[in-house]
Amino acid sequence: MAKKEKPENRYKVLIERIFFSHWTKGATEFEFEREEIEAVAKELDIALPKNLGDIIYSFRFRVPLPDRILETQPEDLEWTIRGAGKAKYRFQLAKVTRIVPNPNLVSIAIPDATPELIRAYALGDEQALLAIVRYNRLIDTFLGLTTYSLQNHLRTTVKDIGQIEIDELYIGLDKHGCHYAIPVQAKGGKDQIGIVQIGQDLAFAAESFPNMRCRPIAAQFMGGGVVALFELTLEGDEVKVVEERHYKLVPADQLDQSAITNYRT
């Protein structure tokens, strides 16, 4: 029996064909339309997934672009795929950015408030991570704000970008009465934090909540049950870390009292 082709391999063939049908030497950006995916798939007799957006999502956050595409990247730059309007995307070169947890950063112990029933039935890394962040009020602890989850897996559209998805959107309040829009992106498994989502989150907040301050957050699982939280921003065309903290959720009877004393300073 012939071995079934992995989705990633199908995706690579499709994106490579689309890329080289537009790219010219020296180009720094160019656009393509969603319908090209279907046209190329039909031409190459490739079965498409039910969710066409998974193809683009994969190369934005999960897997590298095909080697032939990577070979066209100038030094210190990398291709990103951004929304360019309704059913349109843009290949655009940007500075190489990797947001990964700092292995030398201390972990802060937090009494675990996650209901056991939720842990028992958590569906996948991303869902589990969002639930843990929510039940333990880690956004409040991290930002020093009072926050409330407004909606998770928010799918909406942003002018000049097109459809976007925010894993969870919080609304926050500080002691001065300032309101905050806090889009949270959760990354589990091989997914990576990238410039595309942070740029989309900021554009969404500016368009939908122009009177609020936007503080984009990324959450990522680390080994040993540690959750890394990042507050991010854009500086020019680069994603920058404003703050990073690691939280280790432990049963209350396993908290280190000497560590709690040290947290005072």
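Start with the second largest pocket, whose lining has 11 nonpolar, 5 polar and 6 charged residues. Keep in mind as you click around that this is a predicted model.

**Stop 1: the second largest pocket**

Select Phe 59, Arg 60, Glu 78, Arg 98 and Gln 192: among the 22 lining residues, these lie nearest the centre of the second largest pocket. Now colour helix 3, strand 2 (77-83) and helix 8, the elements that give two or more residues to that lining. The space inside the second largest pocket is about 440 Å³.

**Stop 2: the largest pocket**

Next, go to the largest pocket, which holds about 670 Å³ of space. Its lining has 28 residues; pick Gly 53, Arg 60, Gln 163, Ile 164 and Glu 165 to land nearest its centre. Yes, Arg 60 again: that residue was also on the list for the second largest pocket.

Which element gives the largest share of the lining of the largest pocket? It's helix 3, with 7 residues. Helix 3 spans 53-62, and at least two lining residues each also come from strand 3 (88-95), strand 5, strand 6 and helix 8 (195-208). Sorted by class, the lining of the largest pocket comes out as 10 charged, 10 polar and 8 nonpolar residues.

**Stop 3: strand 6 and its neighbours**

Stay with Gln 163, Ile 164 and Glu 165 from the largest pocket, and widen the selection to strand 6, residues 162-173. Is strand 6 mostly covered or mostly open? Mostly covered: 9 of its 12 residues are buried.

On one side, select strand 5 (residues 146-158), which runs antiparallel to strand 6 and is joined to it by 11 bridges. For one spot to zoom in on, find Thr 157, which stands opposite Gln 163. The two strands make a hairpin with 3 residues between them, and in that turn Asp 160 has a positive phi of about 70°.

Then pick strand 7 (residues 179-187), which pairs with strand 6 over 6 bridges, again in the antiparallel sense. Here the pair to show is Glu 168 and its bridge partner in strand 7, Val 184. Strands 6 and 7 also form a hairpin, this one with 5 residues between them; look in the turn for Gly 177, with a positive phi of about 95°.

**Stop 4: a pair of cysteines**

How many disulfides does the model have? The count is 0. Select Cys 178 and you'll find that the nearest cysteine sulfur belongs to Cys 214, 12 Å away. A disulfide would need the two sulfur atoms within 2.5 Å, so this pair doesn't qualify. As for exposure, Cys 178 has 29% relative accessibility and counts as partly exposed. Cys 214, at 19%, counts as buried, because the cut-off for that is under 20%.

**Stop 5: helix 8**

Finish on helix 8, already met in the lining of the largest pocket. Put a distance between its end C-alpha atoms: they are 20 Å apart, which agrees with the 20 Å that its 14 residues should span at 1.5 Å a residue.

Now highlight the buried residues of helix 8: Ile 195, Val 196, Gln 197, Ile 198, Gln 200, Asp 201, Phe 204 and Ala 205. When you look at the spacing, remember that an α-helix has 3.6 residues a turn, so residues three or four places apart point the same way.

Last click: Gly 199, also in helix 8. Gly 199 counts as partly exposed, with 21% relative accessibility. Draw a line from its C-alpha to that of Thr 233: the two are 34 residues apart along the chain, yet 8.4 Å separates these atoms.

Definitions and conventions
Residues are numbered from 1 along each chain as its sequence is written. This is a predicted model: local features need pLDDT of at least 70, side-chain atom pairs count only at pLDDT 80 or more; totals for chains, interfaces and linings use all residues. Side-chain values use heavy atoms; hydrogens and water are left out. Buried means under 20% relative accessible area, exposed over 50%, partly exposed in between (1.4 Å probe, protein chains only). Helices (H or I, at least four residues) and strands (E, at least two) are DSSP runs, numbered from the N terminus. Two strands pair if DSSP finds at least two bridges between them. On a 1 Å grid over the protein atoms alone, a cavity is a set of points where a 1.4 Å probe fits but cannot get out, and a pocket is an open set with protein on both sides within 12 Å along at least five of seven lines; lining residues have an atom within 4 Å of a point. Grid points are joined across faces, edges and corners, and a volume is the space filled by probe spheres set on the points. Ala, Val, Leu, Ile, Met, Phe, Trp, Tyr, Cys and Pro count as nonpolar, Asp, Glu, Lys and Arg as charged, and the others, Gly among them, as polar. The expected span of a helix is 1.5 Å times one less than its number of residues.
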